[in-house]
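Reader: Hi! Could we go through this one together? I have a few quick questions.

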Amino acid sequence: MHQFRLAVAVRCFRQSLMESLKSARNLNVDGIQFDVRNEVVASELTETGRKQLLHRISELGLTIAGTSFPLTRPLTDPQEIDRSVAELRNAMTFAYSLKAKTLCCKVGRIPEDRDGKPRQLLLEVLNDLAAHSNHVGTVLCITPTNDSAEDLLALTNEVNAGPIGIDFDPAHFAITGRSSTEALRTLHAVTMHVQLRDGFRGFDGGGQEATVGSGVIDWMELLAVLGEIDYQGWLTAIRNQGDDRANDIERAIKYTRNLLIGG
């Protein structure tokens, strides 16, 4: 059976940073993901503080599986583009100082017109960030925003200045009425991080996040495909909605672990 590495997004615990690290350790996961915009912020952390944080994480037997950086607007929003690009460049540099290999971010929906100016602008910005990745060692991974797997793959294939990855979110495809498994087969070559997140599409066309195992995703099949493609990245339990997020990510880890043991 393929060996997977499990992690949790510690922001879901809604605790202080140090308490959230302990909660992660109590789940017996190997890794943690930080939000480096709101949770572990470069401007609020001295060099000594950064070293102490890394030491504490190591003491607990944990590894920083990756980082995330939520934007407040689409990446190419005319009013925010310069600021957003600068923020992401700084976040990638900071993530590397935390020994994180990925920075996951929603950049906004991919423009449909492949020859139009909005898409060309997005490609220009992504190439700039990919080139920055060559210097700092942390790769920007795009989290889908109502995009198809085919559009995501086409976009990443057009970025040639450096590496760019996909933060594969099965719930996104479930919520938008697409097959998560087929999406993974399409995106396997560029998938650098995988979310443990579930969901379903409602009869009215809307979608909703769900606790892992209670949505429509066939996790046994999805894990089998990840094994087939020899996925070497992290599986990170994330919960973006709900009032019981800490327990929901604990359930996600237990559910996934049981599948892996049973498999």
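Reader: Which residues does Asn 146 touch, leaving out those up to four places away in sequence?
Author: Happy to help! This is a predicted model, and in it Asn 146 touches Arg 109, His 172, Thr 176 and Arg 178.

Reader: And where is the place of Asn 146?
Author: Asn 146 sits in a loop, with β5 (139-142) on one side and α5 (149-158) on the other.

Reader: Is Asn 146 exposed or buried there, or partly exposed?
Author: Partly exposed, because its relative accessibility is 33%.

Reader: What separates the C-alpha atoms of Asn 146 and Lys 22?
Author: They are separated by 34 Å, and the two residues are 124 residues apart along the chain.

Reader: Switching to cysteines: how many disulfides does the structure hold?
Author: It holds 0 disulfides. Take Cys 12: the nearest cysteine sulfur belongs to Cys 104 and is 13 Å away.

Reader: Why is there no bond for Cys 105?
Author: The closest cysteine sulfur, in Cys 104, is 8.9 Å from the sulfur of Cys 105, which is too far for a bond. A disulfide here would need the sulfur atoms within 2.5 Å.

Reader: Are those cysteines buried or exposed?
Author: Cys 12 counts as buried, at 2% relative accessibility. Cys 105 is buried as well, with a relative accessible area of 2%.

Reader: OK, on to the core. Which residues have the most contacts inside the largest nonpolar core?
Author: Those are Val 8, Ile 32, Phe 34 and Leu 75, in a core of 77 residues. Ile 32 touches quite a list, not counting residues up to four places away in sequence; among them are Val 8, Leu 21, Ile 57 and Ile 64.

Reader: What about helix α7, which residues are buried?
Author: In α7 (residues 180-187), the buried ones are Ser 180, Thr 181, Ala 183, Leu 184 and Leu 187. Seen down the helix axis they fall within an arc of 160°, so they line one face of α7.

Reader: And what covers the buried residues of α7?
Author: The cover includes α5, β6 (165-168), α6 (170-175), β7 (191-196) and α8 (219-228).

Reader: Last topic, the overall picture. How many helices and strands are there?
Author: There are 9 helices and 10 strands. Buried residues make up 52% of the 263 residues.

Reader: What is the radius of gyration?
Author: The protein has 18 Å, which agrees with the value near 18 Å for a compact globule with 263 residues. Along the principal axes, the C-alpha atoms fill a box of roughly 50 × 50 × 35 Å.

Technical notes
Residues numbered from 1 in each chain as written. Predicted model: local features only at pLDDT ≥ 70, side-chain atom pairs only at ≥ 80, totals over all residues. Heavy atoms only, no water. Buried < 20%, exposed > 50% of the residue type's maximum accessible area, 1.4 Å probe, protein only. Helix = DSSP H or I, 4+ residues; strand = E, 2+ residues; numbered from the N terminus. Contact = heavy atoms within 4.5 Å. Core = buried A, V, L, I, M, F, W, Y, C linked by side-chain atoms within 4.5 Å. Arc of directions from axis to C-beta. Rg over C-alpha atoms; globule rule 2.2 N^0.38 Å.
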